[in-house]
Amino acid sequence: MTAPLLEIDRLDIGFGPLSAVRGASLQVRRGETHCLVGESGCGKSVTALAVMGLLARNATRNAVSMRFDGQELMGLDEKAMSRLRGDRMAMIFQEPMTSLNPAYTVGSQMAEVMLRHRGGTRRAALDRAAELLAKVRITSPGMRLGQYPHQLSGGLRQRVMIAMALMCSPELLIADEPTTALDVTVQAQILRLLADLQKDLGLAILLITHDLGVVARTAHHVSVMYAGQVVETAPVADLFANPMHPYTRGLLSCVPVPGKVRPGDPLGSIPGMVPRVEHAFAGCAFRQRCDLARPDCAGTIPRRDFAPGHDYLCQIEPAALVTA
Amino acid sequence: MVQFLLRRLLVALLVSVTVLTFAFALTRLSGDLAISIAGPNATANDIEVVRKAYGLDQPLITQFFSWIGRAMVGDFGQSYFYRERVSTLIFSRLPITLTLGLVGLGIAVSVALPLGVISALREGRPIDRVISLVALVGQAMPSFWLALVLMITLGLNLGWLPISGTGTWQHFVMPGIVLSFSAIPALLRLTRSGMIDAMAADYIRTARAKGLSRMSIVLKHAARNAAMPVVSIAAVQLGFMLGGSIVIETVFALHGVGFLAWESISKNDFPTVQAVVLLLAVIYTLLTLGADLLNALLDPRLRAQ
């Protein structure tokens, strides 16, 4: 097996006394979609921002290592990071309405990525931009180049963001909830577009979402995050078939499955709240909400293997969980 | 864009007409003009003669329209005090005031904008606080006092700059500095807050995600969006400098429009007062219009309105 394109080993992110991400590890392989799932505030977005080197000034970032195509990102200075960003790794965001600069045309904002990383003429950059707008299925791309963001709908703007991210043919695309702000029909189009682009271009995608429907449709591998930790990682089919971590199980039970849910049945939910996690926090962060919690859940929690590529962070052994 | 232009023009026109009316009304409200023109020793007969001669016996509405009619073609009548045509009077002094205003604005902009940007990028750090403090002190400083301090230090003690008159460009440096002090704090604060807002915007995160250089992020993506309120306030400040430089023109003996306004008010020279007020109002309106157009160039969303 070839080395993963992105390899995060025990990433920690803190904001003052609060710990946002604790020892998160994950790997994104070339040409695959890796979904990072979890509820709001679980640390999935800051993990993505940390990879891009885009964390706010008041954040602290530590990791044993964070490698992109074998290159260590930790300790890389801002200048070197900015060479990678937009060129070999690109990112799109949750807010298509505000993520484009209102003062510049679509063409100018797309062209500058090319001009920054590859140089060449403005004409060539605009040609490339038009080509990519067509690729993300925007009609009359030549006309769109001269338009301003306010003249486009949310779905179109997100397509522009995607096209812009692809300007320099990146190997890794990080998509932070790219469809959350969009209409359901547009969501489906954008997801299909991302999947098609992946096939065409061999893109690796790190897709952040809280929507398990999106996970089921797009992911090859999934990492579930809870309170700053990756609590379970598995190939997508395996995760849906054999969810191990009690939190993953809880998440899946919140999704109504057609045919299994009768009218009037209550939807699943997880009781309790996510705890406030400070640096000294010990034990399993899910234990107050967990049906299977035991006294030793307050101690050190091991990472257990269930199957190849499928591990989870829990005190309880696989055999005991399968029957639970 | 055409619609936007027409609307702005219409507003500008309405503002001018309103000011025209006020300028006319205010001078008539300040007492019987015929009496003050005729002077303290005039007899009742003299006053009547004056009243007829200046057309002050006509109904107000007639006076108003005949004044507007003449004002439209640049005829503001004869100054009572200078015995000169008001238009000649004003146009001989306008260059001084314009030069002073532009020098003042130039200094203000070249100080306030960079400091505002630095302040925003170092928000909450010592340099930001120092800049804010200096701006506050600058704002609190009375301009006549600052003028005198500059005259004593730069003019008398160091001998670098002439202290009064309008002979050379050096004559405008000190008054320009003093004038700029009134505009710097507002421009600086707006630049700072605009840049802070812009730098926190989602499109800046996008720009960073694109790997753009710091220079391009700050100067291209943030500054353009922060510039709009700054342009508007700069226009107002320039208007204020052109109309409000009375103290400075007096202290530095620059015989500009501000000085003329002060003189004509104290001498009851009402054709001149009216003309100056009107001129300043028109300049103000033009500046605002100019700022709107500049903003429309900066922000495509305005053009679409």
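Chain B and chain A bury about 2,300 Å² between them, with 50% of that on carbon and sulfur atoms. On chain B's side, the residues that lose the most area to chain A are B:Arg205, B:Arg208 and B:Lys210, which together make up 26% of what that side buries. Keep in mind that this is a predicted model.

Who takes part in the contact? Chain B brings 23 residues and chain A brings 29 residues. As for what holds charges and polar groups opposite each other, the count between the two chains is three salt bridges. One to pull up on screen is the pair B:Lys220 and A:Glu112, whose side chains meet at 2.9 Å, N to O. Polar contacts across the interface of chain B and chain A come to 17 residue pairs, with both partners at pLDDT 80 or more.

If you want to find chain B's touching side by its helices, look at α9 (202-209), α10 (214-243) and α14 (300-303): each of them supplies at least two residues to it. By residue class, that side of chain B splits like this:

| Class on chain B's side | Residues |
|---|---|
| Nonpolar | seven residues |
| Polar | six residues |
| Charged | 10 residues |

Now for a surface feature of chain B. B:Phe144, B:Trp145, B:Leu148 and B:Val247 make a nonpolar surface patch of about 390 Å². Which helix gives the largest share of the nonpolar patch? That would be α7 of chain B, residues 143-157, with three residues. B:Trp145 sits in this helix, α7.

Stepping back to chain B as a whole, you'll count 14 helices and zero strands. Read from the N terminus, the elements of chain B are therefore simply listed as α after α. The C-alpha trace of chain B spans about 85 × 55 × 30 Å along its principal axes.

How values were computed. Residues are numbered from 1 along each chain as its sequence is written. Chains are lettered from A and ligands numbered from 1 in the order in which they are written. This is a predicted model: local features need pLDDT of at least 70, side-chain atom pairs count only at pLDDT 80 or more; totals for chains, interfaces and linings use all residues. Side-chain values use heavy atoms; hydrogens and water are left out. Contact means heavy atoms within 4.5 Å. Buried area is the accessible area (1.4 Å probe) that two parts lose on being put together, summed over both. A salt bridge is a side-chain nitrogen of Lys or Arg within 4 Å of a carboxyl oxygen of Asp or Glu. A polar contact is a pair of N or O atoms within 3.5 Å; within protein, one must be able to donate a hydrogen and the other to accept it, and residues adjacent in sequence count only if both atoms are side-chain atoms. Helices (H or I, at least four residues) and strands (E, at least two) are DSSP runs, numbered from the N terminus. Ala, Val, Leu, Ile, Met, Phe, Trp, Tyr, Cys and Pro count as nonpolar, Asp, Glu, Lys and Arg as charged, and the others, Gly among them, as polar. Patches are made of residues with over 30% relative accessible area and no salt bridge: like charges are joined within 9 Å, nonpolar side chains (Val, Leu, Ile, Met, Phe, Trp, Tyr) within 5 Å. Accessible areas come from the Shrake-Rupley method with a 1.4 Å probe; for residues, only the protein chains shown count as cover.
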